[in-house]
Amino acid sequence: MALPERHPEANPLFKEAKMRCCLPWVAGLVAVLVTGGVCEPLLSVPNAPHNTLTLDAHHTLHLVHPKGEAHVNWGLTLPEGAEGTPCGEGDSCLDFGVARVVVTTEDHCQKVAWTSGGDGGLSELKDCVLLEGHWFGGGQQIYQPWPIEKQPREETAYVTADMLQKRLMWYGGVTEAYWVSSQGVAVRVEEETPLFLSVPDTDGDETADELCLSARHDAPFVAAPGTPLTLTYFLCTADDVRQVHEATFPKFFSLPDGPPDARMIRDPVWSTWAEYHAAVNDSRVLELARSITEFGFNNSQVEIDDNWETCYGEAVFNPERFPDPKGLVDQLHSEGFRVTLWIHPFINDDCPAFTYADQQGYLIKDSTGTTQLTHWWQGNSAGAVDFTNEDARSWWLQRILDLQQQTGIDSFKFDAGETSWLPENYTLGVDERLWPNFFTYKYVESVAQFGNMVETRVGRGSQRHAIFVRMLDKDSIWGYFNGISTLVPSLLHSGILGYPFVLPDMVGGNAYGISPSKELFVRWAQANAFMPAIQFSILPWNYDDETIELCREVTRLHAEYTPLLLSLADEATTSVAPMMRPTWWLCPTLEECLTVDQQFLVGDDLLAVPVVTADATTLDVVLPPGEWQQAGTELTVTGPTTITVDITLSSIVYFTRVTS
């Protein structure tokens, strides 16, 4: 009987996969049954009509689906010559003595679950997914490649981290164990896996070739003695990258339960940070607010950033710099400004609040119950509040709420929250298998209670919260090493991980040691024009009248398109489609759409193409299928195609879909 056209075994690639197992056998992991001259893999799990997973004698899993085939180098830490015997679990199971693997079909996915435990068990489990085609998702990076194979990476613990501290090693605060590919394949690793991730270049061409998933009970992961070691991941398939994302994301993650604050979408946030850094006081805040008004800019709020406290973590305004915080807030309110305040999860040990929190057991402790000190960028000796401790969390939140009620502060910028700031020896009040990433989850869950004006810079399984997630601090430079060229890839990365409400970092970067040139500052502002929000701190009037006018034009354009942005924010609560979409959203099988990294779709009918290179006079644009008109010109082009347009410093390049 003929197989249905969409059944995996009807695909020629499936037959090829079956033939591969008949190649000469080398010392390896499994035996292969040969019956009647036909080679049958020992492990074969059909999941009609979606895919079939088979294992050949070369240690390779073949995930065959109607549109292609993916491969996994499998069982890489099993002893040479180990042979598996069927063990009767799931849809297929092999027991190697030192470890066992169970494969189970779920929806359009195959679940691969390795377990090792007891005497003689393996101390590491490792499988590597081949990076065939183009891959997206995973962890926030300093370089932020799009697609990810552009940047090979050495192995590191796959946890939320402040990547500014170890730029070439750590991932950032918006990090999920979720990837999708142009081959129509998605990979999701379960949170209980103590995951170490590497993305190696195995052939020396400076492009990554594998996504290597290694499970170990090594720091920063903590497991009780005798706890089984697990590596569990899903391989999911659909026809292309968009379809596999649309089918797979809802299986593992939630959508936001509401849109963020509309005024923060419409009007710029103005922060004290990059302009004043820690030298902030009430007069400078008022000066900033009055300059915003004087130069004709709108605002969503003024944000009082670092160094407003008597000491870090005390949650009390320093009376020398802020003698009347409520009066300051009242004054700003009367001038049409809302006011937000920078907050962090640390308490330096020279603060009175540290002593109280330590006595009450509210800070991160080791297994003996002793408070453990950590360090952060504003403290060499500090405690971190334990947000997995319900009493500690309630105490900390009440302090912030009291501060808000006493001063009239409207909302907060919540900084840090990455697990890399935990002390070396730590315990958390949740299942050990979820350490340490659950700390980030509980931190975001806690601060999200303050409403949809909140911003954080971390996300781990926290997509459901209706808050802004800020890009980590950018450097005030051109290029891909945390410079302006990472803005669009960072935007797209957050969107594909389910964090659509992106607050780009400050226009022009953070001015750490170097201030942006006029051209860089203007291009940075223009790049923000169609992003979900705009944040200024370096001030346009620090340059010249042309800069002021060009930045005002950015804010005018952003306000003009705010109804579209608000509509997309609402849509993001019911659809996996990000507000800002990769070009491949409209052309998921075209190479030029899959690899272009400096443009983004705003919904399906507007294409924004920022200028991110110095002294540029032309700009290449990849147009998706359809008819597109360049705004402000008569140029109309039918895609898919790539065109080059002329630009000047005043150019904000975007195209809108022509509808009949």
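Two strands count as paired if DSSP finds at least two bridges between them; strands (E, at least two residues) and helices (H or I, at least four) are DSSP runs, numbered from the N terminus. The model is predicted, so local features need pLDDT of at least 70 and side-chain atom pairs count only at pLDDT 80 or more, while totals for chains, interfaces and linings use all residues. Residues are numbered from 1 along each chain as its sequence is written, and side-chain values use heavy atoms, with hydrogens and water left out.

**Stop 1: the sheet**

Select Leu-607 and Phe-655; Phe-655, in E35, is the bridge partner of Leu-607. Show strand E32 (residues 606–608) and strand E35 (residues 654–657) in full: they run antiparallel and are joined by three bridges. Widen the selection to the open sheet of six strands, in the order E30-E31-E32-E35-E33-E34, with antiparallel pairing. Strand E30 (580–581) and strand E34 (636–646) are the edge strands, each pairing on one side only. Strands of a sheet pair through backbone hydrogen bonds, either parallel or antiparallel.

**Stop 2: Arg-216**

Go to Arg-216, in strand E17 (residues 210–216). Is Arg-216 buried or exposed? Arg-216 counts as buried because its relative accessibility is 15%; buried means under 20% relative accessible area, exposed over 50%, and partly exposed in between (1.4 Å probe, protein chains only).

Next, display the polar contacts of its side chain (pairs of N or O atoms within 3.5 Å; within protein, one must be able to donate a hydrogen and the other to accept it, and residues adjacent in sequence count only if both atoms are side-chain atoms). One joins Arg-216 to the side chain of Glu-155 at 2.9 Å. Another, with the side chain of Asp-218, is also 2.9 Å. Not counting residues up to four places away in sequence, Arg-216 touches residues including Ser-123, Pro-194, Phe-196 and Leu-229, where contact means heavy atoms within 4.5 Å.

**Stop 3: disulfides**

Select the cysteines. The structure holds five disulfides, a disulfide being a pair of cysteine sulfur atoms within 2.5 Å. Cys-128 and Cys-212 form one of them, S to S 2.1 Å. Cys-128 lies in strand E11 (residues 124–130) and Cys-212 in strand E17, so this pair ties together parts that are 84 residues apart in sequence. The link is right-handed, with 110 degrees about the S-S bond, and both Cys-128 and Cys-212 are buried.

Cys-87 and Cys-93 are joined with an S to S distance of 1.6 Å. This link is left-handed, at -85 degrees about the S-S bond. Cys-87 counts as partly exposed because its relative accessibility is 22%, whereas Cys-93 counts as buried at 5%.

**Stop 4: salt bridges**

A search of the whole structure finds 40 salt bridges; each is a side-chain nitrogen of Lys or Arg within 4 Å of a carboxyl oxygen of Asp or Glu. Side chains of opposite charge can pair when their charged atoms come close.

Start with Asp-330 and Lys-326, whose closest N and O atoms are 3.0 Å apart. Both lie in helix H6, four residues apart, about one turn of the helix. Asp-330 counts as partly exposed at 36% relative accessibility, and Lys-326 counts as partly exposed at 40%.

Then select Arg-470 and Asp-473, a salt bridge with closest N and O atoms 3.0 Å apart; both residues are buried. Which residues are linked in a network of salt bridges? To show that network, select Asp-162, Asp-415, Glu-418, Glu-455, Arg-457, Arg-470, Asp-473 and Asp-505.
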